[in-house]
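Thanks for coming. I have one structure today, and I will go through its packing, its voids and a few single residues.

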Amino acid sequence: MKASDTKGSIVAHRNDGMGARVIAMLNAVRVAQDYGVPYFVGWTTHGRTREEVRDPSFIFHPDYIADRFFDVEIMSEIYDDLIDLSTVDVHNWDKAKFCKALSKGKSFLSDAAMGVTVLPWEDEADVAARMH
């Protein structure tokens, strides 16, 4: 995978424990599916990463890893250009602007460690019900 492969996608990334990583991934999958864009997982394992999450193949199928995961090299290359989903607020974004940004190759970061990511124009109850 190359950094350019992540353009116009939702990127899940956390560098802490398994629970937070999986929540970020689930939110990325949900947003990507709802808006018809790809999602990827930045699985970084440098620094103080916990031992139990250093090798994603202990949890995920190798084909899934090959299709969706990338490492710290690509994450470092794209990180500064990612738009954090938590900054997509009602004052600056609407659905049309979000979709246009994706179609122009902008990528968004899913990094919520807890809860369900709900974009400002989405129905929170509907999203929450689909995520549980």
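What follows is a short walk through the model, starting with the core.

First, a caution: this is a predicted model. Please hear every value with that in mind.

The largest nonpolar core has 25 residues. Ile10, Leu85, Phe98 and Phe108 are those with the most contacts inside it. Strand 1, helix 1, strand 2 and helix 4, which runs 95-103, each give two or more residues to this core. Helix 1 gives the most, with seven residues. There is another core apart from this one, with nine residues, among them Val11, Phe40, Ile74 and Met75.

Take Ile10 as an example from the largest core. Leaving out residues up to four places away in sequence, Ile10 touches Ala28, Val31 and Ala32, among others. The list of its contacts also includes Val37, Pro38, Tyr39 and Phe40, and further along the chain it includes Leu85, Phe98, Leu102, Phe108 and Ser110.

Now helix 1 itself. How far apart are its end C-alpha atoms, and does that fit or conflict with the expected span? At 1.5 Å a residue, the 18 residues should span 26 Å, and the end C-alpha atoms are 26 Å apart, so the two agree. Its buried residues include several alanines, namely Ala20, Ala24, Ala28 and Ala32. Also among the buried ones are Arg21, Asn27 and Arg30. After the helix comes Gly36, with a positive phi near 65°.

Two other residues of helix 1 are worth a look. Ile23 lies in this helix, and its relative accessible area is 26%, so it is partly exposed. Beyond its neighbours within four places in sequence, Ile23 is in contact with Ala112, Ala113, Met114 and Gly115. Ile23 and Ala112 are 89 residues apart in sequence, yet 6.9 Å apart from C-alpha to C-alpha. Asp34 is also placed in helix 1. Is Asp34 buried or partly exposed? Its relative accessibility is 34%, so it counts as partly exposed. Asp34 touches Glu122 and Arg130, again not counting residues up to four places away.

Next, Trp93, in the loop between strand 4 and helix 4. Trp93 counts as buried because its relative accessibility is 14%, and the cut-off for buried is under 20%. With residues up to four places away set aside, Trp93 touches Ile83, Thr87, Val88, Phe98, Ala101, Phe108 and Trp121. Two of those contacts, Phe98 and Phe108, were named earlier in the largest core. The C-alpha atoms of Trp93 and Pro120 are separated by 7.8 Å, with their positions 27 residues apart along the chain.

Finally, the voids. The structure holds one cavity of 30 Å³ or more, and its volume is about 40 Å³. Which residues line this cavity? They are Ala12, His13, Arg14, Arg21, Met25, Val41, Gly42 and Trp43. Strand 1, helix 1 and strand 2 each supply at least two residues of that lining. By class, the lining has four nonpolar, two polar and two charged residues. Arg21 and Met25 from this lining also appear among the buried residues of helix 1.

The largest pocket has a volume of about 200 Å³. Its lining includes Ala3, Ser4, Thr6 and Lys7, then Glu77, Ile78, Asp81 and Leu82, and also Lys104, Gly105, Lys106 and Ser107. Three of the lining residues are nonpolar, four polar and five charged.

That is where I will stop.

How values were computed. Residues are numbered from 1 along each chain as its sequence is written. This is a predicted model: local features need pLDDT of at least 70, side-chain atom pairs count only at pLDDT 80 or more; totals for chains, interfaces and linings use all residues. Side-chain values use heavy atoms; hydrogens and water are left out. On a 1 Å grid over the protein atoms alone, a cavity is a set of points where a 1.4 Å probe fits but cannot get out, and a pocket is an open set with protein on both sides within 12 Å along at least five of seven lines; lining residues have an atom within 4 Å of a point. Grid points are joined across faces, edges and corners, and a volume is the space filled by probe spheres set on the points. Helices (H or I, at least four residues) and strands (E, at least two) are DSSP runs, numbered from the N terminus. Ala, Val, Leu, Ile, Met, Phe, Trp, Tyr, Cys and Pro count as nonpolar, Asp, Glu, Lys and Arg as charged, and the others, Gly among them, as polar. A nonpolar core is a set of buried Ala, Val, Leu, Ile, Met, Phe, Trp, Tyr and Cys residues joined through side-chain atoms within 4.5 Å. Buried means under 20% relative accessible area, exposed over 50%, partly exposed in between (1.4 Å probe, protein chains only). Contact means heavy atoms within 4.5 Å. The expected span of a helix is 1.5 Å times one less than its number of residues.
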